[in-house]
Amino acid sequence: QSPTPPQIDLVDLPEVLAAASKLYPSLEDWQGITFVEADFRVISLAKRYGLIVLSNFLHVYGENEAEELLCKAASLLQEGGLLLIHDYFPDRQVPSLAKGALYDLAMMLNTYNGRCHTSSTLRRWLQKCSLPKGQMLDLSTDSSLLITVRGTPRVSDIILSALTAARPFAATAKTFRHGNPP
């Protein structure tokens with residue numbers, strides 16, 4: 001008997017979910033996943049989640065909106081829940097620094113007020129969102145993954161250590177605590 005798949009709410013704009021369905025048309029690919037067609041900026045969610053992923057999301061918004069959306073995501077985490085933020089951070093030491101700068105330029109040209117935010121800016125926002133601990137993983141794709149946990153440091157340390165060990169694609173991993181950046 002196969003294990004029960006996790007129950008996942010995939011929140012995105014209707015056209016993005018439609019595109020995802022075209023890319024992966026098999027219903028088996030979507031088992032356990034509920035599409036929630038909505039704009040995250042305005043949707044009200046009562047549910048709390050064990051995992052929230054913001055991938056290539058915050059850079060579409062300027063500083064005020066991005067901070068507000070990050071705190072909204074943080075408020076939806078249950079105790080012990082993980083928040084994963086995947087993006088380009090121009091202040092990270094990744095193989096191609098030019099890619100992040102070019103991506104930032106693309107955000108300036110193709111969005112209303114988007115930009116690539118620095119990891120230090122996100123760390124400051126995380127403090128305001130009551131998520132003071134995280135792990136930064138620089139990926140071979142020139143992007144980075146920031147992992148934070150709502151919970152006690154003991155549980156967080158275990159989870160973050162396990163995630164770091166399970167990420168062979170990460171070029172480097174550095175733990176930070178607010179006030180003590182790597």
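## A walk through the fold, from its disulfide to its pocket

The structure, which is a predicted model, holds one disulfide. The two cysteines concerned are C71 and C129, whose sulfur atoms lie 2.0 Å apart, and the link has an angle of -80° about the S-S bond, which makes it left-handed. The bond ties together distant parts of the chain, since C71 belongs to helix α2, covering residues 63-75, while C129 sits in the loop between α4 (119-128) and β5 (133-139), 58 residues away along the sequence. In general terms, a disulfide is a covalent bond between the sulfur atoms of two cysteines.

The two ends of this link can be compared with the cut-off for burial in mind, which is a relative accessible area under 20%. C129 has a relative accessibility of 7% and therefore counts as buried, whereas C71, with a relative accessible area of 23%, is partly exposed. Another cysteine, C116, has a relative accessibility of 1% and so also counts as buried.

Around these residues, the overall layout of the chain is worth setting out. The protein has five helices and seven strands, and read from the N terminus their order is β-α-β-β-α-β-α-α-β-β-α-β. Of its 182 residues, 40% count as buried. Helix α4, which precedes the loop that carries C129, has as its buried residues S119, T121, L122, R123, W125 and L126. An α-helix has 3.6 residues a turn, so residues three or four places apart point the same way. After α4 comes S130, a residue with a positive phi, near 65°.

A contact between parts of the chain that are separated in sequence involves V60, which lies in the loop between β3 and α2. The C-alpha atoms of V60 and G114 are 4.2 Å apart in space, although 54 residues separate the two in sequence. V60 itself has a relative accessibility of 32% and therefore counts as partly exposed.

The aromatic residues form a further set of contacts, with a count of four aromatic pairs in the model. One of them joins W30 and F35, whose ring centres are 4.9 Å apart and whose planes stand at 85°, so that this pair is edge-to-face; the angle that matters for this assignment is one over 60 degrees. Ring pairs link W30 and F35 with Y24 into a cluster. Within this cluster, W30 is buried because its relative accessibility is 17%, while F35, at 29%, is partly exposed. A contact of another kind is found at F40, where the charged end of K72 sits over the ring, 4.8 Å from its centre.

The last feature to examine is the largest pocket, which has a volume of about 1000 Å³. Its lining is made up of 32 residues, and those that lie nearest the centre are D9, L10, V11, V53 and L54. The elements that each contribute two or more residues to this lining are β1 (8-12), α1 (14-23) and β3 (49-55), and among the contributions that of β3 is the most, with seven residues. In chemical character, the lining residues of the largest pocket divide into 21 nonpolar, five polar and six charged.

Notes. Residues numbered from 1 in each chain as written. Predicted model: local features only at pLDDT ≥ 70, side-chain atom pairs only at ≥ 80, totals over all residues. Heavy atoms only, no water. Phe/Tyr/Trp six-rings, centres within 6.5 Å; stacked < 30°, edge-to-face > 60°. Buried < 20%, exposed > 50% of the residue type's maximum accessible area, 1.4 Å probe, protein only. Lys NZ or Arg CZ within 6 Å of the ring centre and 35° of its normal. Disulfide = S-S within 2.5 Å. Helix = DSSP H or I, 4+ residues; strand = E, 2+ residues; numbered from the N terminus. 1 Å grid on protein atoms, 1.4 Å probe; cavity = no way out; pocket = protein on both sides within 12 Å on 5 of 7 lines; lining within 4 Å. Points joined across faces, edges and corners; volume = space filled by probe spheres on them. Nonpolar A, V, L, I, M, F, W, Y, C, P; charged D, E, K, R; others polar.
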